[in-house]
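Welcome! Please take a moment to look over the sequence and the 3D view below, and then we will walk through them together.

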Amino acid sequence: MIYSDFQGLKLSRLGFGCMRFASDPETGEIDQKKVNEMFDLAVSRGVNYFDTAYPYLGGKSEGAMAEALKKYPRDSYYIADKFPGHSLPGPVDNKALFQISLDRCNTDYFDFYLLHNITEWSVKIYESEEYHIIPDILDLKKEGKIRHLGFSFHGGPQLLEDFLNKYEGVFEFVQIQCNYLDWTLQDAEKKYDIITKHGLGVWVMEPCRGGKLAVLPEDKSAMLKKFDVNASDASYAFRFLQGLPNIKVILSGMNEVSQAEDNLNTFETEKPLSEEEKSVLFEIAESMKAGVPCTACRYCCDGCPIGLDIPYLLSCYNDYKYSASVTSSMRLDGLDEDKKPAACIQCGQCSHACPQSIDVPSALAELAEMYAKGPKWAAAAKGRQESILKDLGMK
Ligand code: SF4
Ligand code: SF4
């Protein structure tokens, strides 16, 4: 196993993500026997980092993780859990909610704890005086119940920079969606650079983009097979990340033994990508995108009479074109109405200024339509809010 050094801790660079445990096809319950088997395999091959969150698998991930780890000494592994600020029904007793997570995980401290899912929308909740989240979490850290504090992030680079400037010295690591496709599609390169510049560690989620980079379309997979006929598509996605020195932990939601074996083999030794392999990966990434080639030069921004953040909106557009999800909607939910894509008056100023000749008005009109019709974060969050109320005995 390859390890990284984080403040003197030896962390396995492959972390076990606990949001995709196998479930029993008949009952729908988590298949604990299989989870135990997967954890035993991972531990025997050197994995020591396990990442869960309050809402994963309807609140059942934390307990299943604890069950699978109970036979190992508590100081032989690291647990990461997350505070569900983005799913709260309103201001609640944050410390009571934290205690529920501790109890479910059968522990009295978390090695790593994250504010879950900071975006342009959820940051307003996390920073709200009424919700009082950050001061409460800092109290818990002072009490020794949190060893290292970070946050997971799905917003844009500007928010990341602003947030880290505002909370300099508070957070120690940031978890971002990073893979060779999102390196440009979701500005992961910029986010990696911002986090690194602030002296914090980078943690990675979605290294294979929800499995899409683990099983590539046949023609794209063939482009990689010419380097090594036996190497899996996923191994290239992981090796790309291994080559970024400030990435401390790469989380993979493993739920099949064959998948875990393959990942564990990839993390056995460092095998940096050659320049040729890297350029083929970027070629594959470009061919998978379906949006517009905005370089975020911002030449178009000064002339926009509405003051829209055009490159940000086009990055959301590209995300929607690749795959519309609740995360895509969250990036737009956080904007004021007069800054959302529907506020564009189609004047066309931006297109004249654009060196890439992008038809911005058409893209924004299409984005407004996709946003209006697509999956909505608010709808997805409703169920989570209800369970939090139930867990806290408020319903
Ligand atoms: S077309 Fe829309 S985005 Fe472009 S300058 Fe006009 S209002 Fe702004
Ligand atoms: S001018 Fe074109 S490439 Fe530059 S930020 Fe605007 S849309 Fe993007």
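Let us begin at ligand 1, where α16 gives the most to the surrounding shell, with three residues. Helices and strands here are DSSP runs (H or I of at least four residues for helices, E of at least two for strands), numbered from the N terminus. Before going further, please note that this is a predicted model, in which local features need pLDDT of at least 70, side-chain atom pairs count only at pLDDT 80 or more, and totals for chains, interfaces and linings use all residues. Residues are numbered from 1 along each chain as its sequence is written, while chains are lettered from A and ligands numbered from 1 in the order in which they are written.

**The two ligands**

A residue is near a ligand if its C-beta atom, placed from the backbone, lies within 6 Å of it. Both α15 (349-353) and α16 (360-373) supply at least two residues each to the shell around ligand 1. For ligand 2, the top contributor is helix α13 (residues 310-322), with three residues. In the table, Ala, Val, Leu, Ile, Met, Phe, Trp, Tyr, Cys and Pro count as nonpolar, Asp, Glu, Lys and Arg as charged, and the others, Gly among them, as polar.

| Ligand | Residues around it | Closest residues | Classes in the shell |
|---|---|---|---|
| ligand 1 | 16 residues | Cys304, Cys344, Cys347, Gln349 and Cys350 | 12 nonpolar, four polar and no charged residues |
| ligand 2 | 15 residues | Cys294, Cys297, Tyr299, Cys300 and Cys354 | 12 nonpolar, two polar and one charged residue |

**Two domains**

The protein chain is divided into domain 1 (3-282) and domain 2 (291-395), with bounds from an automatic or database domain assignment. Taken over C-alpha atoms, their centres are 25 Å apart. Their contact takes 20 residues from domain 1 and 19 residues from domain 2, where two residues are in contact if their C-beta atoms, placed from the backbone, lie within 7 Å. On the domain 1 side, helix α3 (residues 94-104) gives the most, with three residues. That side has 10 nonpolar, seven polar and three charged residues.

**Cores**

A nonpolar core is a set of buried Ala, Val, Leu, Ile, Met, Phe, Trp, Tyr and Cys residues joined through C-beta atoms within 7 Å. Buried means that 20 or more other C-beta atoms lie within 10 Å of a residue's own, exposed means 12 or fewer, and partly exposed is in between, with C-beta atoms placed from the backbone. The largest nonpolar core has 83 residues, and Tyr49, Val174, Val202, Val204, Ala237 and Ile250 touch the most other members. Apart from it lies another core of 20 residues, including Cys294, Leu332, Val360 and Tyr371.

**Helix α6 and two loop residues**

Which residues of helix α6 (residues 157-166) are buried? They are Pro157, Leu160, Phe163 and Leu164. These four lie on the same side of α6 because they cover an arc of only 130° around the axis, judged by the directions from the helix axis to the C-beta atoms. Asp162, Asn165 and Lys166, on the other side of α6, are exposed. The buried residues pack against β6 (110-118), α4 (123-126), β7 (146-153) and α8 (188-197).

Phe171 sits in the loop between α6 and β8 (173-177). Phe171 counts as buried because it has 20 C-beta neighbours inside 10 Å. By contrast, Val215, in the loop between β9 (201-205) and α9 (218-225), is exposed, with 12 other C-beta atoms within 10 Å.
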